[in-house]
Amino acid sequence: MKPCNLIRVSLLALGSQVHSHTIFQKLSINGIDQGQLKGIRAPSSDYPLTSVNDPNLACNTAIQFKDNNVIPIPSGAKVGAWWGHVIGGAQRANDPDHPIARSHKGPIIVYLAKVDNAATAGATNQKWFKVAEAGLNNSNGLWAVDNMIANGGWHYFTMPSCVAPGEYLMRVELIALHGAQNAGQAQFYMECVQ
């Protein structure tokens, strides 16, 4: 593959630790699963962040899983982000809240931030830009989260071909809107991959 068609990414997605919450913990590139927590910066908690002013909003808080892998993603690739109720997937057999409770409807959005070194870059003070989003499908009434649940925890998007080669942090963000009618009650889930 030509170097100009390849980017190295650190994926971001948030987690939580309450009953019906979720953690982003796997990445696939063109249908190839990259492995459990490979290159992903993740907490062990599946608890969401609820403040848009939280300084950890970019990459989550209390990161306990981090390795030095940087996952190459070619431009135009089909990228999958896999969510599970807890690290490893379901909390127990027949977990009704795996990958997340059906009541936690909302969009899934993907952002990138260009960095010098994806394995070592911090998530704060980066210049994030959106590369993909899935929200409410008005024709069938399904949210991106509904589709992710139907896909066994996988959410898919295409990496835009216009993204310049280089190293990036990538944040995959799920926003649960079930409590969003009240200020501070939207739930943000995101982690990082590198």
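# Report on a predicted protein model: strands, sheets and cores

Setting aside residues up to four places away in sequence, S28 touches D33, Q34, K78, V79, G80, W154 and Y156. The model described here is predicted. S28 belongs to strand β2, which covers residues 23-29. S28 is buried because its relative accessible area is 5%, and the limit for a buried residue is under 20%.

## Overall composition

The protein contains 1 helix and 11 strands. Followed along the sequence, these elements give the pattern β-β-β-β-β-β-β-β-α-β-β-β. The protein has 194 residues, and buried residues account for 51% of them. When contacts between residues at least 6 apart in sequence are considered, 76% join residues at least 24 apart.

## The sheet that contains S28

Strand β2 takes part in an open sheet of 4 strands, arranged in the order β3-β2-β6-β9 with antiparallel pairing. Strands β3 (32-33) and β9 (154-158) are at the edges; each has a single partner strand, so one side of each has no neighbour in the sheet. Strands β2 and β6 run antiparallel and are joined by 6 bridges. Within this arrangement, S28 stands opposite G80 in β6, and G80 is also among the residues that S28 touches.

Two lysines are placed over aromatic rings. K26 lies over the face of W82, at 5.0 Å from the ring centre. In the other case, the charged end of K78 sits over the ring of Y156, 4.3 Å from the centre of that ring. Both K78 and Y156 are among the residues in contact with S28.

## Strand β7 and its partners

Strand β7 spans residues 108-115 and is mostly covered, with 7 of its 8 residues buried. Strand β8 (residues 129-134) runs antiparallel to β7 and is joined to β7 by 5 bridges; in this pairing, I108 stands opposite A134. Strand β10 (residues 166-176) also pairs with β7 in the antiparallel sense, over 8 bridges. Here V110 of the pairing stands opposite V172 in β10.

The strands β8 and β10 are also linked by an aromatic pair. In the whole structure, 3 aromatic pairs are found. For F129 and Y168, the ring centres are 6.2 Å apart and the planes are at 75 degrees, so this pair is edge-to-face. F129 lies in β8 and Y168 in β10, so the pair ties together parts that are 39 residues apart in sequence.

## Two loop residues

The loop between β6 (78-84) and β7 holds K105. Apart from neighbours within four places in sequence, K105 is in contact with W143, V145, D146, I175, A176, L177 and H178. One of these, I175, is 70 residues away from K105 along the chain, yet their C-alpha atoms are separated by 7.8 Å. The side chain of K105 also reaches the backbone oxygen of R102 at 3.5 Å.

T120 is located in the loop between β7 and β8. T120 and N68 are 52 residues apart in sequence, and the C-alpha to C-alpha distance between them is 8.1 Å.

The table gives the accessibility of the residues discussed.

| Residue | Relative accessible area | Class |
|---|---|---|
| Y168 | 2% | buried |
| S28 | 5% | buried |
| F129 | 33% | partly exposed |
| K105 | 34% | partly exposed |
| T120 | 62% | exposed |

The classes follow from fixed limits: because buried means under 20% and exposed means over 50%, the values in between count as partly exposed. In the aromatic pair, therefore, Y168 is buried at 2%, whereas F129 is partly exposed at 33%.

## The nonpolar cores

The largest nonpolar core has 33 residues, of which L27, I73, V79, W83, M159, M170 and L174 touch the most other members. At least two residues of this core come from each of β2, β5 (71-74), β6, β7, β8, α1 (144-150), β10 and β11 (187-193). Strand β10 gives the most, with 5 residues. There is also a second, separate core of 8 residues, including L49, I109, A186 and M190.

## Summary

Two themes recur in this model. The first is antiparallel pairing, which appears in the sheet β3-β2-β6-β9 and also joins β7 to β8 and to β10. The second is the covering of residues: β7 has 7 of its 8 residues buried, and β7 and β10 are among the elements that supply at least two residues each to the largest core.

How values were computed
Residues are numbered from 1 along each chain as its sequence is written. This is a predicted model: local features need pLDDT of at least 70, side-chain atom pairs count only at pLDDT 80 or more; totals for chains, interfaces and linings use all residues. Side-chain values use heavy atoms; hydrogens and water are left out. Buried means under 20% relative accessible area, exposed over 50%, partly exposed in between (1.4 Å probe, protein chains only). Contact means heavy atoms within 4.5 Å. Two strands pair if DSSP finds at least two bridges between them. A polar contact is a pair of N or O atoms within 3.5 Å; within protein, one must be able to donate a hydrogen and the other to accept it, and residues adjacent in sequence count only if both atoms are side-chain atoms. Rings of Phe, Tyr and Trp (its six-membered ring) pair if their centres lie within 6.5 Å; planes under 30 degrees apart count as stacked, over 60 as edge-to-face and the rest as tilted. A charge sits over a ring if NZ of Lys or CZ of Arg is within 6 Å of the ring centre and within 35 degrees of the ring normal. A nonpolar core is a set of buried Ala, Val, Leu, Ile, Met, Phe, Trp, Tyr and Cys residues joined through side-chain atoms within 4.5 Å.
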